[in-house]
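Welcome, and thanks for taking a look at this one with us. Please have the sequence and the 3D view open side by side as you read the briefing.

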Amino acid sequence: MRQRASSAFIVALTALLVAAPPARAADYPTCPIKLVVPYAAGGPTDVLGRIVGEYLGRDLKQVVVVENKAGAQGAIGAEAVARSDPDGYTLFVTAASIFVLNPLLYKKLPYDPARDFRLLSVITDAPMIMEVHPSVPAKTIAEFVAYAKKNPGKLNFGSAGTGGTVHLAGEMFKQMAGVEMTHVPYKGAGPALQDLLSGNIQLMFDTLGTALPPVKSGMLRALGVSSTERVPDLPDLPTIAESGYPDYAVSVWYGIAAPSKVPHEIADKIKASLDRALNDEAFRASLVRIGFPPLRVKGQAEIDRFVETDRARWAGVVKALNISLD
């Protein structure tokens, strides 16, 4: 009798545990959500993360807290999220460098994008602006190349960290233009931009969103845009391709990811909210205002193909530049 009662209790407990995840998914979210930005405050990833976090907070009717975990080219933040509880309450603002470039450049990483994450949405795919401090006399890319060749080793370009898109954009230009410049890595694009504004470095390849304010105010001078076409915000700014380097094309995408083991019902809820954001004209306008061209909603298969295409493109670049960071 006692054995039958014990067995019945185990069966009931098992049924309760099996039924628990859907119940939690139905109630999600019941407490604040943490959105981890793997770079310092003030950079493009941080700006985007705060806009997305604000929308998610309104849409999911829950507080969204942005937490900056900078360092190791995004790997510190990525590892923290990968090791977090897969309950949907820790999300990740990722970039192409973290999901695509780091695995190409490092033999050992504390995270595996394919194993540890599910990319729920690709929010934007933004071009980069080649910008210089006003102390640099060049007003065109041709003038810059001539100046750099007359002053070898005297120009420093900043980035959000070694191996990131901003860094590789500079390395690609160095190679194509045949100029000498010294790379100065920072713990995020924000600190790099501050040093550029102060004149401590002379050059940076910055995303359109964060480049627009200082360029339009005259604090920095834009020399070219990395996309294949000119951008509406700076219609008179030529592309680097049309300035003598036809094979030059760089963009950087940003997305929102969750730990891979987050229950499907919760992941789908978060993705649905992100999809609503990309279909929301006010949200899209807020991105456009700061230079982030919003993408349209992509299904999971489309997201996976998008990442694979980007990986194949950068694999060729990394191989051509013969760059390894181990």
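Below is a short tour of one histidine, some aromatic rings and a pair of helices.

Please keep in mind that this is a predicted model. The tour begins at H183 in strand β6, moves on to the 13 aromatic pairs of the structure, and ends where helix α7 packs with α12.

**H183 and its surroundings**

- You will find H183 in strand β6, which covers residues 182–185.
- H183 counts as buried because its relative accessibility is 18%, and the cut-off for buried is under 20%.
- The side chain of H183 has a polar contact of 2.6 Å with the side chain of S159.
- A polar contact of 3.5 Å also links the side chains of H183 and H167.
- Leaving aside residues up to four places away in sequence, H183 touches F157, S159, G161, T162, H167 and E171.

**Aromatic pairs**

- There are 13 aromatic pairs in the structure.
- One of them joins Y28 and Y89, with 5.0 Å from centre to centre and 55° between the planes, and this pair is tilted.
- Y28 sits in the loop between α1 (2–27) and β1 (33–37), while Y89 sits in the loop between α3 (75–82) and β3 (90–95), so their pairing ties together parts that are 61 residues apart in sequence.
- Y28 and Y89 are both buried.
- W253 and F306 make an edge-to-face pair, because their ring centres are 5.9 Å apart and their planes stand at 75°; the cut-off for edge-to-face is over 60 degrees.
- W253 belongs to strand β9 (residues 251–259) and F306 to helix α12 (residues 300–321), so this pair ties together parts 53 residues apart in sequence.
- With a relative accessibility of 1%, W253 counts as buried.
- W253 and F306 are also members of one aromatic cluster, together with F92, F99, Y111 and F117.

**Helices α7 and α12**

- Helix α7 spans residues 165–177 and packs with α12 at an angle of about 55°, the two axes being 11 Å apart.
- The two helices, α7 and α12, are therefore oblique to each other.
- Where α7 and α12 cross, the crossing is left-handed.
- On the α7 side, the residues that meet α12 are T165, L168, E171, M172 and Q175.
- On the α12 side, their counterparts are W314, V317, V318, A320 and L321.
- E171 appears in two places on this tour: E171 is among the residues that H183 touches, and E171 is one of the α7 residues that meet α12.

Definitions and conventions:
Residues numbered from 1 in each chain as written. Predicted model: local features only at pLDDT ≥ 70, side-chain atom pairs only at ≥ 80, totals over all residues. Heavy atoms only, no water. Helix = DSSP H or I, 4+ residues; strand = E, 2+ residues; numbered from the N terminus. Buried < 20%, exposed > 50% of the residue type's maximum accessible area, 1.4 Å probe, protein only. Polar contact = N/O pair within 3.5 Å; in protein donor to acceptor, adjacent residues only side chain to side chain. Contact = heavy atoms within 4.5 Å. Phe/Tyr/Trp six-rings, centres within 6.5 Å; stacked < 30°, edge-to-face > 60°. Axes fitted to C-alpha atoms, helices over the stretch in contact; angles between N-to-C directions. Parallel < 35°, antiparallel > 145°, perpendicular 65-115°, else oblique. Left-handed = near helix turned anticlockwise from the far one by under 90°.
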